[in-house]
Structures are given as structure tokens and as C-alpha cells.
Amino acid sequence: MEDCLAKKMEITVSEAEKRTGRNAMNIQETYTAYLIETRAVESQSEGQCAPVDSLWRRYSEFELLRNYLSVTYPHIVVPPLPEKRADFVWHKLSADNMDPDFVERRRIGLENFLLRVASHPILCQDKIFYAFLTQEGGWKEMVNETGFQLKADSRLKALNATFRVKNPDKRFTELKHYSDELQSVISHLLRVRARVADRLYGVYKVHGNYGRVFSEWSAIEKEMGDGLQSAGHHMDVYAASIDDILEEEEHYADQLKEYLFYAEALRAVCRKHELMQYDLEMAAQDLTCKKQQCEELATGTVRTFSLKGMTSKLFGQETPEQREAKIKVLEEQIQEGEEQLKSKNLEGRDFVKSAWADIERFKEQKNHDLKEALISYAVMQISMCKKGIQVWTNAKECFSKM
Amino acid sequence: AASAPKPLPSSGPKSLREMPHPLATSSSEEMGPALTPSPDLLLPRSIADKDLSLPNGTPVDTSSPASSSSLLNRLQLDDDLDVETRDLFVTVDDPKKHVCTMETYITYRVTTKTTRAEFDLPEYSVRRRYQDFDWLRNKLEESQPTHLIPPLPEKFVVKGVVDRFSEEFVETRRKALDKFLKRITDHPVLSFNEHFSVFLTAKDLNAYKKQGMALLSKMGESVKYVTGGYKLRSRPLEFAAIGDYLDTFSLKLGTIDRIAQRIIKEQLEYLVELREYGPVYSTWGGLEVELSEPLEGVSACIGNCCTALEELSEDMTEDFLPVLREYILYAESMKNVLKKRDQVQAEYEAKLEAIALKKEDRPKVPTDVEKCQDRVECFNADLKADMERWQNNKRQDFRQLLMGMADKNIQYYEK
């Protein structure tokens, strides 16, 4: 990997804090601020740690950063942010943004985001990003000064392009298709997983009732009493264990969510390509049209029906001087158009090349990450089963002593 | 001997008043626990044998329920029968469906192996249906009212839509019927009951049943403790304690039953979600190239989990729940026995009072009173002995049951 920021710098999002302040509309609001700590790696020598720099940022600032990156590097699959609002919750989890568990998971997600950007060979070199990590004051202004909002393509334009583009690169079409499917399958997965977690929680918790009943029952028994009592205790342990298990599973869900959002980023790149391609096609079409017009004027033949042609037939033709002037204008336009077309073509090809390179990089990253995620999920399941065996073996022992 | 139905023992149809009190003597000798058994009593007695007599020469009507039980209870030295000393083995298996014009029903094969002298053959194999078991239980209750009779599985299935002929239902019932007979077999008194023997051996039980009923109608009321308006002043402490225990016990069991059912229900709902969960991974696998194998793998594993969970739920339903319910029924019937005992005691006390009030010295009354007194004592003794036995057995049963449940869960997780 090239020399990226992640190697030179330790980045952590170490804390989260509730704050109150006044927002743009001068209304009091509560929000969470996150502490970003950075420390240069290379200056560590013989156990001497470099000083830690830190600053506070809130979620909206992260959003601003990401928007900037997406617009400035449209050919890059920009890492996504953790979800803004809690989604795919099962009933035990809170959907409240202020809930400490949610805040904690978000903190981890934000750190992950920063690390991903820092490890990206191109993104990590961006000055705004660096400033985000190191410069507390005036960063917002800095971002706005880049004028990136102007570069942003309008949604409407993009939508239009998607429908009307005639010859997009096949690979991008496939990729778009893939990212659509990926999004659909992962969100389905997350929804079902949430339901599964809910049900599993129910099963475990009801076992807790056993604990209570066994305890009450043991009170009236003579010989069976002790065995029942201790078995009841194990049932309680069993019922309580589900909380930890499901918390761990949330991390797995978060990993999947990241790639759900990544699918959106992929789509964005495809859209950009479509837009560029459409632009190109439009420009080419325009050029052809102008050339045709020129030809017509020059040769005097009207190949296509035009209102101009009709009116000139009705009201008399133009003077040769007028025609000459028109042709000249057109010829200039055509020249301009041809140059533009050339540069657009070049742009397009460059875009495709660099985008595809990043997409390949992304694919590898995705395969690697998801494989790891699946493995750790399997490990989690195995450990859950082992715990279950443990509890029931203990209970069995208690029963055998009855 | 199995072909000819035996006449009912003489104690059955006679009313209680006509029965000579087995321990009634002219003197007020204490005949209770000081009784030393004659050598004859130690031999397994034959049903038709009426030669047993007490050392003092008083003829003993051995078929009288009160006497036989109290005597044998005192003879019983060891409650827990070792396998080696057992001389009677009974099993219920091989359910078969019978389709007749009038009805369809299931019969079970009842196999008996024994070395007891009162049985003509060492082995028997007969077919019985639920009705027959029900009949047996009623007969036992009638003839041995002071004892705790094991419960039968429920006659009617409350759940409504359960198929009476489904494999699971028939199997569950078979196991319960087998348990029922085994419990009787283990009981030192009940296992010698005549009706029981006939049940095990008769080829045509219906004829025997009819005969029994005919005799009944001829001779009048069978031995029944009339629950006629006698109010009990106070239950002796020990029986009150048993009563309380039984109340709490059935309450707790009821709760456990509900919990277990709830768990099964939750597990099944979990299963439903799991069944949707697995295939999604498969779909995803179809979408990917490198990841398709691991994703398919996850899908398959989830499928395995589904199967294992299904098995667990089935096992719990078939093995765990019925036993719980059985014990609840047992507790109910025991409470009834306690009530009957109360009745007997009440009668006794009432009669005692009556005597005290009347200050008469009618010849019958003392005997009457003594009869009652003795009945009460017999009852009490039987009950106590049975309770001990029951407690032991229950302990064993539950031990097994809960261990089994634990085992099943362990297996589930191992899978």
C-alpha cells in the first residue's frame, strides 16, 4: 500500500459527550460531540510517545466532510458513515439517538470511517481531511470556500441521465445492478436478523421463569430441594446470558450495515459515470446537429424540415451575407464543440479507468472484510452454543443430585 | 385358568356392615402393629386361598381390603424392590388400529412375565384398549380405596384438533399406559389385586367385566365409602401437611407446564424466523463470486440449526410435558384420597360422639365404632406408606425427567 495517512498517524474517536447548544435557527438543541484524537506515529522512539492532539466534532461535521469527499472525488468509492438514525432495531434495542448503546456503536462507526479514509491511497492525501483531523476552528469555512457545493450534480440531472443514457460502459451497468441487489439482500438480511434476535431473546428470558418456579418448588421439597434450587440458579444464568450474546451480534450487524451503505457509494460512482456518458452523448449529438445545420446552409439544401426553412420559403430567403455570418458562427461553435468533445472523451476515459481501479480495490476490501465478519459471526454462534452446553450440563448435574 | 373368569372375591359386593371385622375380637386386645405374621402370611397368597389365619385363630378374610393392605404393609420390609426380587414384569407396546363397523380404536399389547404362583402361566400376552385400562383403574379405586392409584393419561384430548390416531399421540399414550401398569406392578398391594391379574391374563376381558357388573347388581352396593354429611373436625397434622404440600406441588407443576409450553411456543416462533434467515444468505451467495462459498456455508448451518431446534421442541412436547401433566393428575387423585380419608375419620368421630350422647350399649355399635376406628387407622397407615413410596418414585421420576430435559438441550447445542 502506498504511503497513506493511516500509517503515519494514529487516529481514534475515543469519547462521546452530550452537549447543548444553539443551532443555525437559534433553537436550543442537544447533540453528541465526539472526541477525535490523533498522534503521529513516526516520532515514537524508545518508548517516548508523541503528544496527542485532540478536537471535538459532531456528526453533522462528519457528514459535511463526506459530502465534500464524494463531490471532489466522484470516481472513488467513498467510505460510508454509520447510520444517522437507529435502523433495523429489534424491540429491546432503543431507537433513540441519545441512547448510550447507540452512541457507543456510532462512536466505533465514526472511528472506522476515519480509518478507512486514512487508509485510502488517494483520499488520505486530501487537505480538507487532514484539517478535519487537526484543525478545530474554521474548518467549516475552509470546506465551504472550496466551493464544492457548486460542483455537486443535481439529483434531477443524474436521474435524467440514468434514463436517457444510450451507451454506458457495460461494466458499470452490471455494477449498478450488483449494488442494487446487494443493497436489497443485505437490508433483507438485517431485517430478518433483527426478528431472529427478538425471538431468541424471548426464548432465553422465559427460561428465567424456571429459576423462579424451581426456587419456589424447592421450598416444599425435602430431598429434591437443594438440587432444584441450584438448577434454578443456572436457569437464571442462562436467561441473563442472552444480553451479552446479542450485544456482540450487534457488532456483526454493524459490519453488514457498513457494506449496505457502501452499496450506495458504489451506485454513486455508477451514476457519475452515467452522467458523464450522457453529457458526452449530448455533446456529440449537439455537434452532429450543428454540423448538419452548417452543411445545409452552405449547400442550400434543406434536408430536414425546419420552421426556419418554412418561414424563409414563405417570407423570403435570407441574404447571402446573413447566411455567411451564420455559417461562420456555426463553424466557430463546431470547432469549440469538437474540442469540448475531445476533452469530454478524455475525461470520460480517465474517469472510467480510475473509477474501475478503485472499484477493484473496493471489491478486494469487501471480500476480505465480509469473510472476516462471517467468520467472527460463526465464532460467536459457536461460543453461544458452548455456553448453552455449559449451563445445561451444570443444571443436569444439579438434577442428578436430587 | 385364564379362560374361565374367576368369581369376584367375596368382599367386593358385600356391604361393609356385613363384613366381619378382621381384627374384631371379643377382647379389647391391641391387635395392631404387635401382630406377628404367621409363616403362612409370608408366602405369596393365591387368590382363591382363604386359609390364612391370624395366630390367635381368628379367620381372616384376606380379600378384605382393609386387612390385606394393613397386613402386607407391615410385612413390607423394604420399599424399594430390587430388580432381582421382582417377580412380575409388565410392558405395553405394539399399538394397532382396529376398524370395526361401529367405531375405530387402538389396542395395545400387554405382555406379562412372572414367576408368581398365583399366575397359571409364566407368560401372557393380551390386547387391551384404553377403555380396559380405565375399567381397571376404576376397579382398583373401588377395591383399594385407601391406596393411591396411579393416574391414567387423559381420556379426551383437550386440544381439539389433535389426531387421535397420529403417531405421536398414540406413542405418548402408550408410554403413559406402560407407566401406569408398571407403577401398579411395583406397588406391594395393588399388584396382587385380582382385577389386575385378570386384566393381565384374561383373553376376553369384556365377559369378565359383564360378570362383575352382574354380580354387583345382584349383591347390591359395592364397597364405597359413603360421603354422607360427615364433617371432619380437624385433619391430623401430618395429613394436613400432605394436603398443603399437594396443593403447592400441583400449583408449581402447573406453572412449570405453562413455562415449558411458552418456551416451546417461543422456540417455534424463533424457528419461523430462522427459516427465513437461512435462505437470504443463499441469495446473497448467488450474487457474489468469492464470497459465495462462505455465504452458502452459513445458509446451510442455519438450516441445520432449524432441524436441531425442531427436534428439541418435539422431544420436549412428547417426553417432558406429558410427565408433568401426569403428576398433576396424580396429585389430584391423591387429594381425593385424602378427602376420603377425612370422610372416614369424620364418620368415626361422629359415631363416637353418638355413642357418648346416647350412653347406650348396643352390641353393634362398639363393633361399628371399632370398625370405623380401624378403618381410619388402616387408611392412615396405607396412606403414609403410599406417600413415602410415591415421594421416592416421584423423586426418581423427576430426576430422570429433568436430567432428560437437560440432556436434550445439551444435544441441541452440540448439534
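Helices (at least four residues) and strands (at least two) are DSSP runs, numbered from the N terminus. By that rule, chain A has 11 helices and 3 strands. The model is predicted. Chain A touches chain B, and the area buried between them is about 4800 Å². Salt bridges also feature: the structure holds 35 of them over all chains.

**Confidence**

- The mean pLDDT of chain A is 82.
- In chain A, 88% of the residues score at least 70.
- Among the elements of chain A, helix H2 (residues 59–72) has the highest mean pLDDT, at 89.
- Helix H10 (residues 307–315) of chain A has the lowest, at 60.

**Layout of chain A**

- Reading from the N terminus, the order of elements is α-β-β-β-α-α-α-α-α-α-α-α-α-α.
- Chain A has 402 residues, and 44% of them are buried.
- Take the contacts in chain A between residues at least 6 apart in sequence: 75% of these join residues at least 24 apart.

**Where chain A meets chain B**

- Chain A gives 48 residues to the contact, and chain B gives 46.
- Of the area buried between the two chains, carbon and sulfur atoms give 74%.
- Three residues stand out on the chain A side: Arg199(A), Tyr210(A) and Trp392(A). Together they supply 14% of the area that chain A buries against chain B, more than any other three residues.
- There are 6 salt bridges between chain A and chain B.
- Arg195(A) forms a salt bridge with Glu276(B). Their closest N and O atoms are 2.8 Å apart.
- Across this interface, 9 residue pairs are in polar contact, with both residues at pLDDT 80 or more.
- Three helices of chain A each give two or more residues to the side that touches chain B: H8 (170–220), H9 (225–299) and H11 (320–400).
- H8(A) has the largest share of that side, with 25 residues.
- By type, the chain A side divides into 30 nonpolar, 8 polar and 10 charged residues.

**Salt bridges within chain A**

- A network of salt bridges links Glu83(A), Arg105(A), Arg193(A), Glu249(A), Glu250(A), Asp254(A) and Lys257(A).
- One pair is Arg105(A) and Glu250(A), whose side chains meet at 3.9 Å, N to O. Arg105(A) lies in helix H3 (residues 100–119) and Glu250(A) in helix H9, so the pair ties together parts of chain A that are 145 residues apart in sequence.
- Glu250(A) also forms a salt bridge with Arg193(A), and here the closest N and O atoms are 2.8 Å apart. This pair links helix H8 of chain A, which holds Arg193(A), to helix H9 of chain A, across 57 residues.
- A further salt bridge joins the side chains of Glu264(A) and Arg271(A), at 3.7 Å, N to O.

**Buried or partly exposed?**

- Buried means under 20% relative accessible area.
- Arg193(A) counts as buried because its relative accessibility is 2%.
- Glu250(A) counts as buried because its relative accessibility is 5%.
- Arg105(A) is buried too, as is its partner Glu250(A).
- Glu264(A) has a relative accessibility of 29%, so Glu264(A) counts as partly exposed.

Definitions and conventions
Residues are numbered from 1 along each chain as its sequence is written. Chains are lettered from A and ligands numbered from 1 in the order in which they are written. Side-chain values use heavy atoms; hydrogens and water are left out. Contact means heavy atoms within 4.5 Å. Buried area is the accessible area (1.4 Å probe) that two parts lose on being put together, summed over both. A salt bridge is a side-chain nitrogen of Lys or Arg within 4 Å of a carboxyl oxygen of Asp or Glu. A polar contact is a pair of N or O atoms within 3.5 Å; within protein, one must be able to donate a hydrogen and the other to accept it, and residues adjacent in sequence count only if both atoms are side-chain atoms. Ala, Val, Leu, Ile, Met, Phe, Trp, Tyr, Cys and Pro count as nonpolar, Asp, Glu, Lys and Arg as charged, and the others, Gly among them, as polar. pLDDT is the predictor's confidence in each residue, from 0 to 100. Buried means under 20% relative accessible area, exposed over 50%, partly exposed in between (1.4 Å probe, protein chains only).
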